[in-house]
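Please look through the sequence and the 3D structure below. The paragraphs that follow take the ligands in turn and then visit a few single residues.

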Amino acid sequence: MTTDYGEPDLKRLAVLGSTGSIGVSTLHVARELGKNVQILGLSANRNLKRLVEQAQEFRPEWIVATDEASASKFAWPALPGTELLIGHQQLNRMVQAPEVDTVVAAIVGIAGLHSTLAAIQQGKTVALANKETLVAAGPVVMKLAEETGANILPVDSEHNAIFQCLRAGARSEVARVCLTASGGPFREFTQQQMENVVPKQALAHPTWDMGQKISIDSATMMNKALEIIEAKWLFGLSADQIEVVVHPQSIVHSMVEFVDGSVIAQMSPPDMKLPIQYALVWPHRIPGPAPRLRFQDAMSLDFQPPDIGRFPAVALGLQVARQGGTSGAVLNAANEAAVDAFLKKRIGFCDIVRACQDVLQQHAFQPHPTINEIVAIDQWAREEIDKWI
Ligand code: NAD
Ligand code: MG
């Protein structure tokens, strides 16, 4: 048996959202991989100081500053050899440039939808961190990828783990997948304690260092809800084939159970550099900067079912995965708006999921929405959250 894929090709990257947590880790990996990766494009919304520093180091062809108001106020230094592009539309121009073969989609939220679609439209390889795009528009995204032959390689650690585990058998041999969840900072809080949580507490994740929105999503476990829906579309699973298990150590990143009962797991310390690198050099494996597990140090791995009573988001994720259609777009938009309201102290912590449940219930369900209908219902759900508040 041989699984020798030869040497990995040089990857020419556009990194969308390069100043965020995933973007910075991607550039860390790129720095370490050296000759395997070339950075052609970077983008940031408001953190233009960091964008400039990145441009000075990597000397890309283009940088995109998406927030026009911030870009117009910023004192741009000369960046020889780098073209400055301003505005959201320019992301599409950058990802569609023929020189770019791989797009790292690391913008947070639905703001990443159009640039991800533009990359898939051109048949580019997409290393996808931006789960919200799949949650809101999974069927449209996957159908387009099938038509254009674009590879969508998951960066989200659970999906990257499943993607790796799937190499152990044929798709028809998969019984189910098991997404692990750290349980977030409030795994052991009572309902009463959770009602009083403030943003500072919710932003402090026990095992992962991430952007603000996903940190709150992890605390409510809405992140796992989004990941259930993401897994459904990425791997063509039914909701009944997806299970969630709480695993506080975040060492097992997810598992696949095959029809014979074998469970294959992927393990590594909690660090996004590994899934990012895997997506960048797939189907190869090469040495890189990810930390290693040390079995000489005592270690225990715990698994427990999620407490749906305290974390109703998990049940909501399964419900939306079952429904499909416009439900994903509504849940995603309602959650983005509710998280924003919580961070601004306009609603309480437990209100985030309650508001999402209510808005989902009110929405006019459509089973096969177009992309324009998805964008419209996203807007509707945000307005409903405003009314809810
Ligand atoms: P972050 O907030 O740290 O970074 C977001 C990036 O997107 C920044 O570069 C920012 O400038 C840019 N951005 C923000 N708003 C934008 C807008 N309106 N238009 C264009 N660009 C915008 O977020 P993150 O933690 O890096 O997460 C990025 C994505 O990756 C999210 O979808 C998240 O769910 C996913 N993800 C993150 C992690 C993690 O460990 N951080 C793990 C798995 C998946
Ligand atoms: Mg994840």
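This is a predicted model, and a good place to start is ligand 1. There are 23 residues around ligand 1, and those that come nearest are Thr19, Ser21, Ile22, Glu132 and Gly211. Which kinds of residue make up this shell? Sorted by class, the shell around ligand 1 holds ten nonpolar, ten polar and three charged residues.

The shell can also be described by where its residues sit in the chain. Helix H1, residues 21-33, supplies at least two residues of the shell, and so does helix H6, residues 131-148. In terms of domains, at least three shell residues come from domain 1 (11-154) and at least three from domain 2 (156-269 + 300-313). Ligand 1 therefore has residues of both domains in its shell, where a residue is included if one of its heavy atoms lies within 4 Å.

Some of the contacts with ligand 1 can be followed atom by atom. In Thr19 the side chain is involved: one of its polar atoms lies 2.7 Å from an oxygen atom of ligand 1. In Gly20 the backbone is involved, with a polar backbone atom 3.1 Å from an oxygen atom of ligand 1. Gly211 also uses its backbone, where an N or O atom lies 2.9 Å from an oxygen atom of the ligand. How much of the accessible area of ligand 1 does the protein cover? On its own, ligand 1 has 820 Å² of accessible area, and the protein covers 87% of that.

The next stop is ligand 2, a magnesium ion. Which residues coordinate the magnesium ion? The donors are Asp156 through OD, Glu158 through OE and Glu227 through OE, at 2.0 to 2.2 Å. Along the sequence, these donor residues follow the spacing D-x1-E-x68-E. Glu158 belongs to helix H7 (residues 157-165) and Glu227 to helix H11 (residues 222-235), so this pair ties together parts that are 69 residues apart in sequence.

Are these two glutamates buried or exposed? Glu158 has a relative accessible area of 8%, and it is buried because the limit for that word is under 20%. Glu227 has a relative accessibility of 1% and counts as buried too.

The backbone deserves a look as well. Trp282 and Pro283 are joined by a cis peptide bond, with omega about 5°. Pro283 is in the loop between helix H12 (273-281) and helix H13 (313-323).

Two other loop residues have a positive phi although neither is a glycine. In Arg59, phi is near 45°. Arg59 sits in the loop between helix H2 (48-58) and strand E3 (62-65), and with a relative accessible area of 57% this residue is exposed. In Met221, phi is near 65°. Met221 lies in the loop that runs between helix H10 (212-220) and H11. Where Arg59 is exposed, Met221 is buried, at 3% relative accessible area.

The last stop is Val339, which has its place in helix H14, residues 327-343. Val339 is buried, with a relative accessible area of 2%. How far apart in space are Val339 and Phe349? From C-alpha to C-alpha they are 8.6 Å apart, and in sequence they are ten residues apart.

Terms used. Residues are numbered from 1 along each chain as its sequence is written. Chains are lettered from A and ligands numbered from 1 in the order in which they are written. This is a predicted model: local features need pLDDT of at least 70, side-chain atom pairs count only at pLDDT 80 or more; totals for chains, interfaces and linings use all residues. Side-chain values use heavy atoms; hydrogens and water are left out. A polar contact is a pair of N or O atoms within 3.5 Å; within protein, one must be able to donate a hydrogen and the other to accept it, and residues adjacent in sequence count only if both atoms are side-chain atoms. Accessible areas come from the Shrake-Rupley method with a 1.4 Å probe; for residues, only the protein chains shown count as cover. Helices (H or I, at least four residues) and strands (E, at least two) are DSSP runs, numbered from the N terminus. Ala, Val, Leu, Ile, Met, Phe, Trp, Tyr, Cys and Pro count as nonpolar, Asp, Glu, Lys and Arg as charged, and the others, Gly among them, as polar. Domain bounds come from an automatic or database domain assignment. Donors are N, O and S atoms within 2.8 Å of the metal (3.2 Å for Na, K and Ca); water is not among the atoms, so sites may look incomplete. Buried means under 20% relative accessible area, exposed over 50%, partly exposed in between (1.4 Å probe, protein chains only).
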